[in-house]
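Good morning, colleagues. Please take a moment with the sequence and the fold on the screen before I begin.

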Amino acid sequence: MAIIDTYRSNLSRKQSDLTKLLIDKAKEQKKISDLSVKITRASDAINRSKSTGTIQSKMREIARFEKELANSNKKIAAIETKNSKKNKEIQDAQIKVDKELASIDKKRIAESKRLRNEQEQNLKNISSTLQHHDDLHMETKNQIKELKRIPDKIVVLFLASNPIDQEQLRLDEEARAISEMIRKSKHRDSVSFETCWAVQPIDLLQAINEHKPSIIHFSGHGSDKDEIIFQTNDGKTKIVSKEAIVQTMMASSDGIRLVFFNTCYSRNQAEAVAEYVEATIGMNTSIGDEAARVFSSQFYSSIGFGLSVKQSFEQAKALLMLEGIMEEDTPELFIQEGIDSENLIIVKPEK
């Protein structure tokens with residue numbers, strides 16, 4: 001979970017606490033109002049009555065009401081103290097949220113400026129090159145020819161879910177490793193790596209429709225009942241069945257070529273989804289954080305070099321063995337019937 005999500009969750013929780021305190025205060029204030037009415041009525045009854053028994057009874061009632069009144073006033077005083085403390089906590093939490101948002105905006109602006117400067121510099125370089133077209137004519141033709149060999153861009157959609165009531169995984173490290181390995185690959189400009197964090201069920205179709213991915217990568221927790229773990233609005237576990245995932249992939253399979261379940265016990269999900277997409281990868285048991293990161297980052301690196309799905313899968317397993325991570329038999333590759341995995345190349349330059 002991103003730090004801004006943690007700050008927002010903390011702020012929301014404290015605001016909920018404050019709301020409850022205000023409700024409790026309102027209840028006590030209502031009680032005080034009711035007790036005051038009762039005391040007034042009892043006093044009026046004393047003034048109207050000449051019966052000693054009635055007067056004594058009403059005086060006892062007044063004493064009881066006044067005791068309850070004092071208790072309510074004490075509760076309100078305690079609630080006020082808590083309110084003051086909670087307001088200070090909310091103020092501090094809001095400051096953290098605001099600072100983090102400012103930091104995110106600053107980074108976004110800086111990145112946008114960097115990209116703009118880079119684009120401007122590229123344009124200047126092209127202009128400079130064109131000025132010397134006589135000497136560089138042949139080189140330019142070769143460059144154009146090479147550019148034509150660059151594959152069409154594909155999108156890898158990284159869907160991460162790490163509920164607060166589950167063991168916390170280092171999903172950010174996995175995403176960073178995949179992004180870095182794609183960046184180092186030959187056809188890096190042909191692979192767009194998009195991430196979606198703290199995924200809830202409602203986010204899945206939205207992300208697929210928005211990014212139109214060629215590859216969907218699930219990262220997080222899975223269960224030994226063929227379920228995948230998403231999140232609820234409050235960041236807790238939301239279990240999604242294999243059947244629901246299969247239905248989603250079936251309904252969204254146009255353009256999706258590979259689904260990577262980098263979650264524990266996802267073999268059966270991968271096998272079922274392979275009926276609707278060209279290839280899937282799943283885990284036949286639990287998989288460690290490091291193994292998940294190493295395997296997935298090498299797989300996408302190989303894909304980015306234009307290797308086939310089969311070869312990329314085998315290279316990813318090989319890296320696990322080279323690193324001494326004895327989990328190379330955990331990932332399994334499933335191919336749609338009628339497709340040759342050795343000829344299935346997702347990032348393929350034109351000839």
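I shall go from the overall form to the helices, then to the sheet, and finally to two residues in loops.

Please bear in mind that this is a predicted model. The protein contains 9 helices and 8 strands. What are the spans of the C-alpha trace along the principal axes? They are about 120 × 55 × 40 Å. The radius of gyration is 32 Å, whereas a compact globule of 351 residues would have one near 20 Å.

Let me turn to the helices. Helix H1 covers residues 3-48, and helix H2 covers residues 52-131. Their axes lie 7 Å apart, and the two helices pack at an angle of about 160°. An angle over 145 degrees counts as roughly antiparallel, and H1 and H2 are therefore roughly antiparallel to each other. The crossing of this pair is left-handed. As for the residues in the contact of H1 with H2, 25 are nonpolar, 10 are polar and 19 are charged.

A second helix pair is formed by H5, residues 201-211, and H6, residues 242-251. Here the axes come within 11 Å and cross at roughly 20°. Angles under 35 degrees count as roughly parallel, which makes H5 roughly parallel to H6. The crossing of H5 and H6 is right-handed.

I now come to the sheet. In which order do its 6 strands stand? The order is S2-S1-S3-S6-S7-S8, in an open sheet with mixed pairing. S2 and S8, the latter at 331-335, stand at the edges; each has a single partner strand, so one side of each is left without a neighbour in the sheet. On average, neighbouring strands of this sheet are turned by 15° against each other, with direction ignored.

Within this sheet, consider first the pairing of S1, residues 154-161, with S2, residues 191-196. These strands pair in the parallel sense over 6 bridges. Val155 has Ser192 in S2 as its bridge partner. Between the two strands, the chain passes from S1 through helix H4, residues 171-183, to S2, and this β-α-β crossover is right-handed.

Consider next S6, residues 258-262, and S7, residues 279-283. These strands run parallel and are joined by 3 bridges. Opposite Phe260 stands Ile281 in S7.

Finally, the backbone of two loop residues deserves a remark. Most residues other than glycine have a negative phi. Which sign does phi take at Ala198? Phi of Ala198 is positive, at about 50°, although this residue is not a glycine. Ala198 is placed in the loop between S2 and H5. Lys212, also a residue other than glycine, has a positive phi near 50°. Lys212 lies in the loop between H5 and strand S3, the strand at 215-220.

To summarise, I would keep three points in view. H1 and H2 are roughly antiparallel, with a left-handed crossing. The open sheet of 6 strands has mixed pairing, with S2 and S8 at its edges. The radius of gyration is 32 Å, against a value near 20 Å for a compact globule of 351 residues. Thank you for your attention.

Terms used: Residues are numbered from 1 along each chain as its sequence is written. This is a predicted model: local features need pLDDT of at least 70, side-chain atom pairs count only at pLDDT 80 or more; totals for chains, interfaces and linings use all residues. Side-chain values use heavy atoms; hydrogens and water are left out. Axes are lines fitted to C-alpha atoms, for helices over the stretch in contact, and angles run from 0 to 180 degrees between N-to-C directions. Helices (H or I, at least four residues) and strands (E, at least two) are DSSP runs, numbered from the N terminus. Angles under 35 degrees count as roughly parallel, over 145 as roughly antiparallel, 65 to 115 as roughly perpendicular and the rest as oblique. A crossing is left-handed if the near helix is turned anticlockwise from the far one by less than a right angle, and right-handed if clockwise. Ala, Val, Leu, Ile, Met, Phe, Trp, Tyr, Cys and Pro count as nonpolar, Asp, Glu, Lys and Arg as charged, and the others, Gly among them, as polar. Two strands pair if DSSP finds at least two bridges between them. A crossover is right-handed if, with the strands pointing away from the viewer, the path from the first strand over the helix to the second runs clockwise. The radius of gyration is taken over C-alpha atoms; the globule rule is 2.2 Å times the number of residues to the power 0.38.
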